[in-house]
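Colleague: I am new to this structure and would like to go through it with you step by step. Could you show it to me before I start asking?

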Amino acid sequence: MTNADRNTLVLVGQLIAGEEKAFEQVMEAYYKKLLIYAYSFTNDYPQAQDIVQNVFLRLWERRQNINIKESFQGLLYKSVYNEYIGYSGDVDPPFWPYWPP
């Protein structure tokens with residue numbers, strides 16, 4: 001396990017515990033990357049912002065249910081994709097495949 005992996009696990013643990021500073025750090029680390037990823041689907045900046053904001057809102061609301069199967073970053077990217085699918089109305093998937101509703 002690398003130092004980056006350990007740091008991420010500590011950060012996620014702090015997030016689960018409800019530490020707002022950890023949530024801010026997650027947003028600072030991932031917001032722009034997730035926005036670019038969401039924009040690659042939507043080609044619409046306001047819609048991409050909405051998608052990423054919804055992902056971060058759900059992350060905070062459901063932080064106690066975080067269950068990382070592969071990686072935290074992977075969870076965030078998968079969540080953005082699922083939010084996009086739900087946002088576009090193409091299908092009705094579960095938004096958080098690793099978290100209970």
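Colleague: What percentage of the 101 residues of the chain count as buried?

Modeller: This is a predicted model, and everything said here is computed from it. A residue counts as buried when its relative accessible area is under 20%. Of the 101 residues in the chain, the share that counts as buried is 33%.

Colleague: And how much of the area that the chain exposes is supplied by carbon and sulfur atoms?

Modeller: The area that the chain exposes comes to about 6200 Å². The part of this area that carbon and sulfur atoms supply is 49%.

Colleague: In what order do the elements of the chain run from the N terminus on?

Modeller: The secondary structure amounts to 4 helices and 0 strands. Read from the N terminus on, the elements therefore give the order α-α-α-α.

Colleague: What share of the contacts with a separation of 6 or more comes from residues 24 or more positions apart?

Modeller: The contacts considered here are those in the chain whose separation is 6 or more. Among these, residues 24 or more positions apart account for 62%.

Colleague: Which side chains meet in a salt bridge?

Modeller: The count of salt bridges comes to 1, and its nitrogen-to-oxygen distance is 2.5 Å, which lies within the cut-off of 4 Å. One partner belongs to helix α3 (residues 45-61) and the other to helix α4 (residues 72-88), with their positions 25 residues apart, and the pair links distant parts of the chain. The side chains that meet are those of R58 and E83.

Colleague: Are R58 and E83 buried or exposed?

Modeller: R58 has a relative accessible area of 18%, and E83 has a relative accessibility of 5%. Because the cut-off is under 20%, R58 is buried, and E83 likewise counts as buried.

Colleague: How many aromatic pairs are there, and which kind is the pair of F23 and F56?

Modeller: The count comes to 8 aromatic pairs. In the pair of F23 and F56, the ring centres are 6.2 Å apart and the planes stand at 85°. F23 in helix α2 (residues 20-42) and F56 in helix α3 are 33 residues apart, so that this pair, too, links distant parts of the chain. Planes over 60 degrees apart set the kind, and the pair is therefore edge-to-face.

Colleague: Are F23 and F56 buried or exposed?

Modeller: The relative accessible area of F23 is 15%, while that of F56 is 3%. With these values F23 is buried, and F56 is also buried.

Colleague: Which parts does the pair of Y30 and F72 tie together?

Modeller: Y30 and F72 form an edge-to-face aromatic pair, at 5.9 Å centre to centre and 75° between the planes. Y30 counts as buried at 11% relative accessibility, and F72 counts as buried at 4%. The two residues are 42 residues apart in sequence, and the parts tied together are helix α2 and helix α4.

Colleague: Which residues form one aromatic cluster?

Modeller: One aromatic cluster is formed by Y37, F41, Y77, Y81 and Y84.

Colleague: Over which ring does the charged end of R63 sit?

Modeller: The charged end of R63 lies 3.9 Å from the centre of the ring in question. That ring belongs to W60.

Colleague: Is N43 buried or exposed?

Modeller: N43 lies in the loop between α2 and α3, and it has a positive phi of about 55° although it is not a glycine. Its relative accessibility is 58%, and because the cut-off is over 50%, N43 counts as exposed.

Definitions and conventions:
Residues are numbered from 1 along each chain as its sequence is written. This is a predicted model: local features need pLDDT of at least 70, side-chain atom pairs count only at pLDDT 80 or more; totals for chains, interfaces and linings use all residues. Side-chain values use heavy atoms; hydrogens and water are left out. Buried means under 20% relative accessible area, exposed over 50%, partly exposed in between (1.4 Å probe, protein chains only). Contact means heavy atoms within 4.5 Å. Accessible areas come from the Shrake-Rupley method with a 1.4 Å probe; for residues, only the protein chains shown count as cover. Rings of Phe, Tyr and Trp (its six-membered ring) pair if their centres lie within 6.5 Å; planes under 30 degrees apart count as stacked, over 60 as edge-to-face and the rest as tilted. A charge sits over a ring if NZ of Lys or CZ of Arg is within 6 Å of the ring centre and within 35 degrees of the ring normal.
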